[in-house]
Amino acid sequence: MIRWWPVFGLKRRLTEQKEYISPVDLRQPKTGIFNRSLFVYIVDVGSSNALNFEISALESPQYNIHRFGIFLTDSPRHADVLLILGRPVTKMLEPLKETISQLPKPFYTVTIDDHPGQPGLNGYPELPNHIAALTGVPSPGQILGLLLDIAKTKRKES
Amino acid sequence: MKVLIGIVATPENERLFILDKGKPVLTAVNGKNPEETFGNYSILKQHLSKINDESMKGPGVFKFRYGPVTAGVREAGCFYLYTYGEKILRATIDISWKQRGIAKAMLDKSPETALTMAERVCSNFAMSHSVAFSRAVEMAVDISPSLQTKNWRTLLIESERIYNHLYVIYKLASAAAQKVLAAHISALFEEALRLNERLSGSRYLMNINSLGKLNRIPEISNIEKIADKYLAVAKQFTKLYKHSLRNYNYLDRLHSAGTLTAEQAEELGLTGPTLRACGVVDGLNDTTEHLISLPVITKKEGDALARMEVRAEEIVNSCHYLADHLRASDSWYDATEKDTKSPNANGTGYAVVNSPSGAMGYYVEVNDNKMQRVDIFTPSYPGMYAVSQGLEDLIFTDFPFVFESFGVHFADAAI
Amino acid sequence: MKILFIIALLFYIAGAVSSRKTYLSYTFGFLGSVSAFLSGCFALTRSQILWDFPLLHNVSLSLYMDHLSAIFIIIATISWMALALYSIDYSKLYPKKRLPLGFNLSLLGMLLVLTAHDGITLLAGWEVMTIFAFLMMQGTGKYFEHSYRFLAFGELSTIGLVIGFAALYVTAGSISFDALHKGSYFVLILISLGFIIKMDIVPFHAWMKGIYGEIPDNTAALLSAPVTLMGVYGLERVIPLLPNNQLWDIILILLGAFSAFWGGLQAAVVDKIRLLPAYSTIENNGMILTAIGFYALAEGSGMQSLHYLASFALAASIILVISHTFSKTLLFMSIGHAKEAYNVHTIDQARGVWSGVGRIPAIGIVISALSFSAFPPLIGYAGEWMILETLFQSYRFSSVAIAFSAALAGILIALAIGLISFAMIKLIGYTALGYDHGRKSRPIAKRFMHTAEISLESLLVMGGIGLPLVILFIGFPQLLTGLLAIPAPLVLASNQPAFGVISPTFIGIIMLVLLIVPVWIFMKNKKKTRKVESWNGGIKLEEDEFFTASAYSQILEHILRGFYHTREKKSKNRSSITVNDILLRPTEFITRMVQKTGKIMASTLMNGKISAYVAYILVLFITVFIISMVVK
């Protein structure tokens, strides 16, 4: 017998009410137009994969990013923020440039340099609207805090 | 059984890095024909960055490129699917988009620095990389870590297995449009990562392992609570897993997707859940140091569903194993630390670790306290061949299940 | 009217005589078509006997123009005029003299068919059309064996007509159309079969494969649109006159519907750029046949209540004819233009007509393909809606068998429309609007081509939007009415009191109004639009990474593998998937027979000499007479 999934799903409340704080300040003034919705496209240019896992964790019900109007999109053409994971491998510089050229204006780029100082990787090329640069492997809560900063909303504990 | 993990080649000679009943062995080729014994010899020998790169021609056949930047496969990597519409005739995988040259960058670095770099090859396997590397170096410079270190390493590898397997099943459920299941499993996945942090201070178990010792011993006061949490994860997961096995929609999608026979798997030199899902008992669990090893879980079908089942049962096993041993960990402090004799400055070493996706091997040469040579043999590289073979003759829709079910990562395959 | 008709004939003969100068010859062809068009216009209001020549006792050759001929002459001549104009430029690519010769004389043959009022004149015109269309097929100068298949099926249709008229002569003692009502069911079946074969109804379409790829474009257009139109005309002419047989009507309905379905099914998977429209012809003619069959059924039932539905079915068939003739001519012209400019043969190779060849042929492909996909407000939408509306009103018949067959036909045709839309989207998406990969076409003369294309494009749009006028023109004012808030001539009713649908005119008006605001907003913001490469995973798309046209239809080939007989072959480095039209087989014996006699024919008859053709026609005439004498 097939159990009815939605009932199972609704029984547990997993979403957490927390204050999410960004580890860095924004480097640019932000526009107000992403107040209610922020679409994020993610591009991995050479990360060590921990960041990919963190993004997956960010999608978990504990964070429930959709309640803030934050969505991960499947195309850079729908994105407001380009989240660049890792420092670029030489071969990924070209695709990175191409991805940025596909973003509709206005947009922001955010970099997360997971292992600063690691040899064999390039520095970042000139990025347009580079609003924040994180280092290390930030937790999903920190990434969410940054995205909320960009979107200009802050969810306080309730 | 013997599995060829890698080839250690110098201009003069060539040695085979073999896992023989759970023991890593390095043997010289000595004129024997290794291609006959090991089907994966030529794969490892060539070590191409474009996997299964043979073109397919025919009327209407074209190369459907998926990557390097897509939302479906978030990592930088590229698939070329030869097709005439729906059916995948051949899958070529280009892993060069993530080639960072880490093994090369490790040269002339001190073993300690190289260890941190090993953790960054593929951070979701950080513990496996770190342990394999440190064991190889320990063998090279002849230091033996304490029992306590060995035990903690074993446990941390198990906790790495838990979150990685949860991740794979989360991705599979997500790809099969089982959103409720996916959401619950991802909650468990996040829970496992938080447990990692409580245990080791890092969500990805980084910076805890060191050469011959641990950087910090997990705090004993929390252990009981953490053990309970692992049991809770196991309980909740079992519930979800049983639930999901009643969902024909989910099972139908995974069933007979990306099927590999035991012969094919052995031919490709696969290890880990992929091999075990084909019904082959591998000796990987015997690579565990000191603590008694876990039971080996096998399934016969060799498809995505079987791989999922193997991983699911391993999650539950590992959780119980962790909970039991964590509770017993206070007794480890009684174990006597070996007197630290000064390590050698030169030597060669090799080690294999049972990573979540299969055998992780390291071969190192240390010279004058500097890394002279590092060869990294990851499970994802043969795994990519398995993905390529598993995708053949399927349709596009099956792509995510097949890819995710192998649990391979571009970061791990391209070093 | 008579004078215009004679002028038209003279122009065609002049065109044939001056076939060495292709430019002049096609100009004559154009002028002839203009005169024929004008004579048709006059005949709309006034029927007239053009010629009556008593040949034997009871047998006279006569030419006659009435309202029906006039409609068909006007439809056909518009297509001819466009084709003649198009051919002026086209002949620069293929300057063989047999092309204009065949063109002019087959037009002449068709004009005879459209005005014939007796069996012999009809057959004479019929043969002239067939033989010279065959002559045109060799217009590229290439010899190919398959072309005999066309002749074989052409002659098969002639044989049907010859025996049919001979049988008529036996029963009625005359072969004039006036005597048709005295004909037997045998006559009905044979004569309608003769016409049906010409309409390429399944399974009489087997000649197409292997031929459409080779023949010149104007020939393809001629064969697909005006030549099959003759079959339709023949049916519309004789069916009301012949005695009615319900069973045969049902057979016609089902055969037509199946043909439509089959044509759509095959069109969906072909990748040869000219075979797709050819299969679409089968689909369209199938629908037309169904409409005619339904008309015969409703009218023949004798019930007063069905009379209105019968005239609706007849109107549907004529609207479909108009839509098909114009759209198909335009489609073949535009495709031919693109194909020649690129010098290619498959849909995949002819990508990016819009940017690579030109806007006008691209718009031609888009408009005609949309018309075939029943896209409002184009005229094809009206035709296809009308046929479906007709069929789903079959509940008015008291017989369950009829209601069931008509509903079945409706289902098949609905499927056919879906499949043909699938095929046409392939043509639009790949050929007209696809990526051109930076290719540029070779320069070809295109002034007249463009003129012809633009005129048909505008006709298709105007024909849809001005549908009420078209309905009036073909003589069905009773079908136009008003409903609810929509004023009087804008609703097409299939029933009285009104049961119908809003005509494309109204949709056109609404679309226009709804378009103005978005287009205005778009134009206003256009400066802000940034153009980038299409998103393809971060790197440029290589030419071998493009989704191919055959891949587009592969899912269909797989799901319907029973219909297509899909076979897959896979080796290490080569894979292929093949589909077959399994209905080519039943008529294979004809093909085989032709192949056997092909060599003999090649040496005696088909050697390219005019005298041989003339002799052949004479022999046929004599045969007809002998048969009629003998049976008498």
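Helices are DSSP runs of H or I with at least four residues and strands are runs of E with at least two, both numbered from the N terminus. The views below come from a predicted model, in which local features need pLDDT of at least 70 and side-chain atom pairs count only at pLDDT 80 or more, while totals for chains, interfaces and linings use all residues. Residues are numbered from 1 along each chain as its sequence is written, and chains are lettered from A and ligands numbered from 1 in the order in which they are written.

**View 1. The fold of chain C.** Chain C is built with 23 helices and seven strands. Its radius of gyration, taken over C-alpha atoms and set against a globule rule of 2.2 Å times the number of residues to the power 0.38, is 24 Å, close to the 26 Å that the rule gives for 632 residues, so chain C is as compact as a globular protein of that length. Along the principal axes, the C-alpha atoms of chain C fill a box of roughly 85 × 65 × 50 Å. Of the 632 residues of chain C, 57% count as buried, a residue being buried if 20 or more other C-beta atoms, placed from the backbone, lie within 10 Å of its own.

**View 2. The interface of chain C with chain B.** Here 20 residues of chain C are in contact with 22 residues of chain B, where contact requires C-beta atoms, placed from the backbone, to lie within 7 Å. On the chain C side, two or more residues each come from α19 (549–552), α20 (554–559) and β7 (575–578). The residues of that side divide into six nonpolar, nine polar and five charged, with Ala, Val, Leu, Ile, Met, Phe, Trp, Tyr, Cys and Pro counted as nonpolar, Asp, Glu, Lys and Arg as charged, and the others, Gly among them, as polar.

**View 3. The interface of chain B with chain A, and helix α7(B).** In this view 36 residues of chain B are in contact with 37 residues of chain A. The side of chain B that touches chain A draws two or more residues from each of α3 (102–106) and α7 (179–200) of chain B, and α7(B) gives the most, with seven residues. Of the 22 residues of α7(B), 16 are buried, so this helix is largely enclosed by the rest of the structure. After α7(B) comes B:Gly201, whose phi is positive, near 90°.

**View 4. The surroundings of helix α4(B).** The buried residues of α4 (residues 111–119) of chain B are B:Pro111, B:Ala114, B:Leu115, B:Met117, B:Ala118 and B:Glu119. What covers them includes α3, α5 (126–141), β9 (358–367) and β10 (370–377) of chain B.

Note on methods: Contact = placed C-beta atoms within 7 Å. Buried ≥ 20, exposed ≤ 12 C-beta atoms within 10 Å, placed from the backbone.
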